[in-house]
Amino acid sequence: MIANFFRLVFRGLRYRSLRSWLTVLGIVIGIMLVVVILAIGNGVQHVIQGQLQMFGSDLVIIYPGKENSPLIGFIAGQKFREQDLTALEKIDGVGFVLATNQGVATVEYRGEKQSTMLHAENWKHYIEILEKSQGIRLKQGRYPTGDDVDEVVVGSKFMSSLFRTPVHIGDEITVKSKHFKVVGFFSDQGEASHNSAIFLSLNQFNILNNSRGASTAIVKVRTGYDLKTVAQEIKFQLGKQDVVRDFAVITPDKINQIVGNVLSVIELMLMIIALVSLLVGGVGIMNTMYTSVLERTKQIGVMKAIGATDEAVLTLFLIEAGMIGIVGGLLGILLGLLSAYGIGAIAASQGVRGLFDIASVDYFGLFALIVFTFIVGVVAGYFPARAGAKLEPAEALRYE
Amino acid sequence: MPLHPGQTKTDLVCGMTVLGLARVVTGTYRGKTYQFCSEQCLTRFRKNPKKYFGPPLLELWNVWKIFKTGGAETQALRGFDLHVWEGDFVAIIGASGSGKSTVLNMIGLLDRPTKGQMFVNGRDMNALAEDDRARLRSRMFGFVFQQYNLIPWLSAYENVILPLIFSDRTVDRKKVEREFDQFGIKQRMTHRPHELSGGEQQRTALLRALANDPEIILGDEPTGNLDSVTGAKILERLIDLNKREKKTLIIVTHDAAIADLADQIIAVKDGKSVQNHQAHRRALTH
């Protein structure tokens with residue numbers, strides 16, 4: 001009997017195919033959003049974790065501002081005094097302290113101007129962190145010979161595509177009317193802002209910006225020492241200076257956790273948007289089903305005249321609504337995965353790899369989504385279906 | 001079969017209340033006198049008097065149907081009485097708005113009376129729950145409508161097996177195909193209603209009405225939308241089912257020629273039955 005009911009419903013849906021597809025579309029959009037969020041959300045987390053691993057597992061980072069809101073400290077432009085930072089090197093377990101600064105500057109090359117990031121660290125320790133902790137190497141060229149020479153290293157994209165004419169090793173660039181010689185460039189680091197950045201010494205950076213101190217510091221911890229204990233000691237020691245009152249000393253684990261929290265909030269927001277759109281899809285089903293009941297009032301009368309019980313009519317309409325839900329769910333998942341794949345591909349072409357990976361898709365979650373859309377369909381279809389089922393046959397037959 | 005207060009004042013054959021009629025005919029049986037509304041009923045009584053002391057297949061007793069639309073009330077039936085006997089061909093005639101279709105809806109369990117009672121084989125229909133009425137409907141009644149009322153998104157074949165699906169019976173495709181063949185529309189089985197002619201649609205509707213092998217066939221102006229030749233063919237099939245397969249046939253019609261073929265004519269006027277020959281003519285012409 002139920003197989004026959006499915007066949008009857010299928011015939012009806014095909015008969016009103018345009019309307020059926022439009023209703024399905026309402027569900028597709030909601031589900032598509034959910035799938036994209038699930039698929040990319042995981043990817044974003046993976047990408048960020050990957051980037052964090054680049055920091056290296058033996059490093060502690062210090063920056064102004066509160067632990068959970070690092071940006072505010074940066075925007076306020078608070079800076080540590082260099083001597084306060086170097087004093088930390090006396091702490092047991094600390095290898096060395098690398099003071100760093102970041103900024104944005106306009107760079108001129110052969111008459112063309114572009115904005116790009118500046119990363120400033122003094123070279124001796126920075127090279128050690130790059131090569132030993134982060135595994136980043138120069139692709140070509142060499143590092144500057146010292147912190148006071150007018151030499152810089154740049155990212156791979158800076159060389160190839162930031163300017164109309166590709167930059168070559170030995171070329172001269174101008175930053176804030178000061179000339180620098182490009183002496184080397186890094187291999188692709190997987191992050192767009194790094195790939196087009198300029199790396200120069202902290203001394204040169206401070207001269208350029210007429211500034212002092214450092215906005216952040218990276219502390220290399222000696223092997224065999226516990227990162228957390230060293231971090232705590234740093235915190236205590238740094239608490240004695242009074243230039244930067246609020247500062248954070250964090251380990252890679254902690255960053256991971258903070259980023260995870262931020263991402264969860266964003267994910268939650270997107271999920272709410274997706275659920276609201278699903279709700280709208282559900283209302284769409286309800287609307288279609290009500291119209292459908294109204295339109296088929298006469299046929300409901302006929303079906304009842306030839307022996308359909310209230311339950312049979314109810315079942316027919318519920319199957320119809322459920323089918324719209326399931327088809328919408330399946331298509332939504334398919335389109336969602338395709339969109340996620342597309343977004344992943346676009347991101348990859350921009351240098352952000354691994355945003356979407358089909359292997360890491362949560363298939364159980366997708367199955368749950370299909371069940372969910374079926375339920376949305378049935379719930380949305382229930383009231384119209386019941387209204388149809390309760391019609392008096394003679395009254396329904398009179399309906400024109 | 002409950003004995004109701006009006007019994008002795010009732011025409012045993014057609015069920016009509018004879019009390020207050022201007023003209024009645026009488027007949028005696030085993031020393032007792034009985035009143036009838038017309039010669040027609042008396043003649044039928046004389047042929048087989050015993051039959052009319054048992055329970056009728058269908059009985060409507062003092063049935064009222066009041067429709068309320070907005071603030072207005074329409075009394076479609078006003079104390080309607082009717083007996084239908086097994087195997088009869090009954091024609092219900094009357095002018096538009098007389099209430100004859102409402103009578104057919106009551107008989108076919110498509111509507112519930114506002115007041116009054118209905119019995120099928122002596123069973124009180126008011127006491128039945130909606131689903132039991134639906135099941136009884138599928139087992140006992142086959143409907144043929146003036147507008148055919150086929151489901152537009154289903155093929156002719158699917159329309160015909162619909163009653164079998166609803167009563168959860170197995171579908172024997174070969175058997176259904178044979179029936180389509182007998183009705184001369186086998187090659188149209190897979191077509192949708194809009195691809196069929198009126199005659200083909202009505203034959204499909206008739207096949208659908210017969211799918212569950214019902215005891216009673218109800219036709220609401222079944223030939224009303226057909227040309228005279230096609231109409232005559234459909235009518236012929238209906239009468240054939242009545243005569244050969246002893247199915248009870250109840251037809252609502254405007255057509256005096258069809259009514260004249262019936263065993264029993266019930267004329268409806270202003271929601272009541274009026275049963276004598278003069279009344280027939282009046283009901284038909286007004």
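# A tour of salt bridges, cavities, a pocket and a patch

Select E151(A) and R142(A): their side chains form a salt bridge, with 2.9 Å from N to O. The model you are looking at is predicted. E151(A) is buried, at 12% relative accessible area. R142(A) is partly exposed, at 34%. This pair is part of a longer list, as the whole structure holds 22 salt bridges over all chains.

**Salt bridges in chain B**

Go to chain B and pick R112(B) and E130(B). Their side chains also meet in a salt bridge, at 3.5 Å from N to O. The two residues are 18 apart and link distant parts of the chain. R112(B) sits in the loop between α2 and β6 (115-120), while E130(B) belongs to helix α3 (residues 130-140). Is E130(B) buried or exposed? E130(B) counts as buried because its relative accessibility, 18%, falls under the 20% limit. R112(B), at 24%, counts as partly exposed. Now add R133(B) and R137(B) to the selection. Together with R112(B) and E130(B), they are linked in a network of salt bridges.

Next, show helix α7 (residues 228-244) of chain B, which holds both D240(B) and R244(B). These residues lie four apart, about one turn of the helix. They form a salt bridge whose closest N and O atoms are 2.7 Å apart. D240(B) is partly exposed at 35%, whereas R244(B) is exposed at 66%.

**Cavities**

Turn to the enclosed spaces. A search of the whole structure finds four cavities of 30 Å³ or more. The largest has about 130 Å³ of space. Select its lining from both chains: residues of chain A, including L8(A), R296(A) and F317(A), and I151(B), W153(B) and L154(B) from chain B. Which elements give two or more residues to this lining? They are α1 (2-15) and α12 (310-349) of chain A. The most comes from α12(A), with four residues. By class, this lining has nine nonpolar residues, one polar and two charged.

The second largest cavity has a volume of about 70 Å³. Among the residues that line it are V35(A), N42(A), D357(A) and L366(A). Here α2(A) gives the most, with four residues. The lining divides into six nonpolar, two polar and two charged residues.

**The second largest pocket**

Now find the second largest pocket, with about 610 Å³ of space. Select R398(A), S101(B), T102(B), N105(B) and D220(B): of the 27 lining residues, these lie nearest the centre. Chain A supplies at least two lining residues from α14 (393-398), and chain B does so from each of β4 (72-84), α2 (100-107) and β8 (141-145). Color α2(B), which gives the most to the lining, with five residues. The classes here are eight nonpolar, 13 polar and six charged.

**A nonpolar patch on chain A**

Switch to the surface view. A nonpolar patch of about 810 Å² includes L18(A), I29(A), V262(A) and I273(A). Two elements of chain A, α2 (17-55) and α10 (252-295), each give two or more residues to the patch. The largest share, five residues, comes from α2(A). Pick I29(A), which is placed in helix α2 of chain A. I29(A) is partly exposed, at 47% relative accessibility.

**Last stop: T17(B)**

Select T17(B), in the segment before β1 (25-29) of chain B. T17(B) is partly exposed, at 34%. Then add D81(B). T17(B) and D81(B) are 64 residues apart in sequence, yet their C-alpha atoms are 7.1 Å apart in space.

Methods:
Residues numbered from 1 in each chain as written. Chains lettered and ligands numbered in written order. Predicted model: local features only at pLDDT ≥ 70, side-chain atom pairs only at ≥ 80, totals over all residues. Heavy atoms only, no water. 1 Å grid on protein atoms, 1.4 Å probe; cavity = no way out; pocket = protein on both sides within 12 Å on 5 of 7 lines; lining within 4 Å. Points joined across faces, edges and corners; volume = space filled by probe spheres on them. Nonpolar A, V, L, I, M, F, W, Y, C, P; charged D, E, K, R; others polar. Patch = residues over 30% accessible without salt bridge, like charges linked within 9 Å, V, L, I, M, F, W, Y side chains within 5 Å. Areas by Shrake-Rupley, 256 points an atom, 1.4 Å probe, with all protein chains shown as cover. Salt bridge = Lys/Arg side-chain N within 4 Å of Asp/Glu carboxyl O. Buried < 20%, exposed > 50% of the residue type's maximum accessible area, 1.4 Å probe, protein only.
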